[in-house]
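The following dialogue concerns how a sheet and a pair of packed helices may be read from a model. Please consult the display below before proceeding.

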Amino acid sequence: MNQLLTAPAMGRHTDFLAACSARLADAILPLGRSARSIAILIPVALCGWTALPAYAAGGGESPSVYIEEMSSPELRDRIAAGATTILVPIGGTEQNGPHMVLGKHNVRVRALAGQIAQRLGNTVVAPVLAYVPEGSVHPPVAHMRFSGTISIPEATFESLLEATARSFKQHGFRDVVFLGDHGGYQKNEERVAVRLNREWSADPACRVHALLDYYRVTQTAYVADLKSRGFTEAEIGTHAGLADTALSMAIDKSLVRADALTSRTKSTERDGVYGDPRRATAELGQLGVKRIVDASVSDIRVFIRERDNRAQPTAQRK
Ligand SMILES: [Zn+2]
């Protein structure tokens, strides 16, 4: 029996590998049809294979937005061609009741950042930060009282964000955007953005933006959407309740244990659940996905415009 447990990975590669296999299979399958087609298809297959790292999971036509799936020269060329915005998805590893996995934030923020980047264009996505502040470890508070939650000091988290932004500025990105899926560290994102922008105020090359609306709409507009469909505030909840669980189901159903949702016993705060997830559905979660993606795309467009205006000499501003 394998008792070795490994810490959360910073990215998911299985979907990419599946896409690679599918693409290779697509290329090889027709080879049996005729000898003539082999001569034609081999170079095509080889071209497809070498082009793979630039393509998204699922084998679709649009290039991947995840930098982990690109080689360094591929990313360099993308930046040179105008992809100068990078999203830094921030997740967290924490308990989410008996019905939802510890990596909820990480899976969600990676997928949502991908959707936001695709909508914006000229935008790529950094690896997910899965280690975040969750409060005191000893004595344990809040989520730390439950197995699996990881908490790092706030100062460590801020230096991590800061060093990440400095790295991307160095590589030529002009807009570095923090988007955080968890409520507790929104203030840290903002603090780091203010600090770096102050330091770089004389250098218009790059700005850091804390995209607070990404999280805020899940507490406002999304909650209002659910209330307008008849759900109560107590059911919608604040953590691992209906809103949170539905949002996860909309991104990836495997994040949620379906049998736990059909349970007749309601989970309570003693189980780490604040709200009632039992009527959560992926369809309800789509309301949240739409709110997050729409608000994020429109905020980032404003960030870029404002940074562009600051970068231009006063006389050229419109
Ligand atoms: Zn959280």
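Q: In what order do the four strands form the sheet, and is the pairing parallel or antiparallel?

A: The model is predicted: local features need pLDDT of at least 70, side-chain atom pairs count only at pLDDT 80 or more, and totals for chains, interfaces and linings use all residues. Residues are numbered from 1 along each chain as its sequence is written. Strands (E, at least two residues) and helices (H or I, at least four) are DSSP runs numbered from the N terminus, and two strands pair if DSSP finds at least two bridges between them. Here the order is 2-1-3-4 in an open sheet, with parallel pairing. Strand 2 (123–125) and strand 4 (207–210) each have a single partner strand, so one side of each lacks a neighbour in the sheet.

Q: How many bridges join strand 1 to strand 3?

A: Six bridges connect strand 1 (residues 85–90) with the parallel strand 3 (residues 175–180). Within this pair, Ile 90 lies opposite Gly 180.

Q: How should the packing of helix 8 and helix 12 be described?

A: Two packed helices are described by the angle between their axes and the distance between the axes. Axes are lines fitted to C-alpha atoms, for helices over the stretch in contact, and angles run from 0 to 180 degrees between N-to-C directions. Helix 8 (residues 221–228) and helix 12 (residues 282–311) pack at about 150°, their axes 9 Å apart. The two are therefore roughly antiparallel (an angle over 145 degrees).

Note on methods. Parallel < 35°, antiparallel > 145°, perpendicular 65-115°, else oblique.
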